[in-house]
Amino acid sequence: MFMLSIAIFLCFLPCLFLKQVFGLWMLGIAVSFVFYLRDRMKLRKIPVQSTAQSDVFTLNTPTAFAAGGNNPRIYMPAKIQDDQRCWILAHERYHLRHHHLFIKQVLVVFRFVFWFNPRGLAALSFGDSAFGTTLQYCG
C-alpha cells in the first residue's frame, strides 16, 4: 500500500509544478512584451522631419529602416547623398512591398511565446542589429 501511494504521488508530482511553470512562462511573455512596447515608444519619441513623400521621414541616425504596422514609414538618415538616397529608398520600399514588416511582427510574437528557447531568441537576430543600433543612437 505504501508503494502504491508513492507511485501515485510521483505520477502527480509534475502536476504540482505545472501551475508555477505556466506562471513563469506567462511572466516571461509579459516581460518580453513590455520591452517591445518600450522600444516602440522610443521610436515614436525620436524627432523626425517629414519629406515631400508622405511615408518617408529623415532623422539623425546612421541607418535607414522601415517601421510601422498599419501605417508603415521609412526612416532615412539626414546626412546622406542624393544618389545614395534613391537606392536606399528603393531598398526600403522593397521591404514594404514584400511584407517584410509583417513577417518581422510574426517573428516577434514567436519570440514572445518561446522566450525561454535560444532559437526563439535568435529568431529576430537578422533584423535586431540595425533596429537596436538606431534606438541606442537616438534614444
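## Order of helices and strands

Read from the start of the sequence to its end, the protein chain of this predicted model follows the pattern α-β-β-β-β-α-α-α-α. Counted up, its secondary structure comes to five helices and four strands.

Of the 139 residues in the protein chain, 24% count as buried. The accessible surface of the chain comes to about 10,300 Å², and 68% of that area belongs to carbon and sulfur atoms. If one takes the contacts between residues at least 6 apart in sequence, 44% of them join residues that are at least 24 apart.

## Strands 2, 3 and 4

Strand 4, which covers residues 73-77, has pairings with strand 2 and with strand 3, and these can be described in turn. Strand 2 (residues 56-59) runs parallel to strand 4, and four bridges join the two. Along this pairing, F57 stands opposite Y75, while T58 stands opposite M76. Strand 3 (residues 65-67) runs antiparallel to strand 4 and is joined to it by three bridges, and the bridge between A67 and R73 is a bridge of this pairing.

How many residues lie between the strands in the hairpin of strand 3 and strand 4? There are five, and in this hairpin G68 takes a positive phi near 125 degrees.

The side chains of strand 2 point in two directions, with V56 and T58 on one side and F57 and L59 on the other, yet all of these residues are buried. In strand 4, four of the five residues are buried, so this strand is largely enclosed by the rest of the structure.

## Aromatic pairs between helices

The structure holds seven aromatic pairs, and one of them is formed by F33 and F112, whose ring centres are 5.8 Å apart and whose planes stand at 80 degrees. An angle over 60 degrees counts as edge-to-face, and so the pair of F33 and F112 is edge-to-face. Because F33 lies in helix 1 and F112 in helix 3, this pair ties together parts of the chain that are 79 residues apart in sequence.

Are the two residues of this pair buried or partly exposed? F33 counts as partly exposed, at 39% relative accessibility, whereas F112 has a relative accessible area of 10% and is buried, because the cut-off for a buried residue is under 20%. Ring pairs also bring in Y36, so that F33, Y36 and F112 are linked into a cluster.

## A nonpolar patch and a salt bridge

On the surface, L24, L27, V31 and F35 form a nonpolar patch, and together these residues have about 380 Å² of accessible area. One of them, L24, is found in helix 1, which covers residues 2-45.

Side chains of opposite charge can pair when their charged atoms come close. The structure holds one salt bridge, which D39 forms with R38, and the closest N and O atoms of the two are 3.3 Å apart. D39 is partly exposed, with a relative accessible area of 21%, and R38 is also partly exposed, with a value of 41%.

## L96 and its contacts

L96 is found in helix 2 and is partly exposed, since its relative accessible area of 22% lies between the limits of 20% for buried and 50% for exposed residues. Which residues does L96 touch, if those up to four places away in sequence are not counted? They are A66, P72, I74 and L101. Of these, A66 falls within strand 3 (residues 65-67) and I74 within strand 4 (residues 73-77). Although L96 and P72 are 24 residues apart along the chain, their C-alpha atoms are separated by 7.6 Å.

## The loop at H99

Where is H99 placed? This residue is in the loop between helix 2 (82-97) and helix 3 (100-113), and it is exposed, with a relative accessible area of 55%.

Most residues other than glycine have a negative phi. H99 departs from this pattern, for its phi is positive, at about 60 degrees, although H99 is not a glycine.

Methods. Residues numbered from 1 in each chain as written. Predicted model: local features only at pLDDT ≥ 70, side-chain atom pairs only at ≥ 80, totals over all residues. Heavy atoms only, no water. Patch = residues over 30% accessible without salt bridge, like charges linked within 9 Å, V, L, I, M, F, W, Y side chains within 5 Å. Areas by Shrake-Rupley, 256 points an atom, 1.4 Å probe, with all protein chains shown as cover. Salt bridge = Lys/Arg side-chain N within 4 Å of Asp/Glu carboxyl O. Buried < 20%, exposed > 50% of the residue type's maximum accessible area, 1.4 Å probe, protein only. Contact = heavy atoms within 4.5 Å. Phe/Tyr/Trp six-rings, centres within 6.5 Å; stacked < 30°, edge-to-face > 60°. Pairing = 2+ DSSP bridges.
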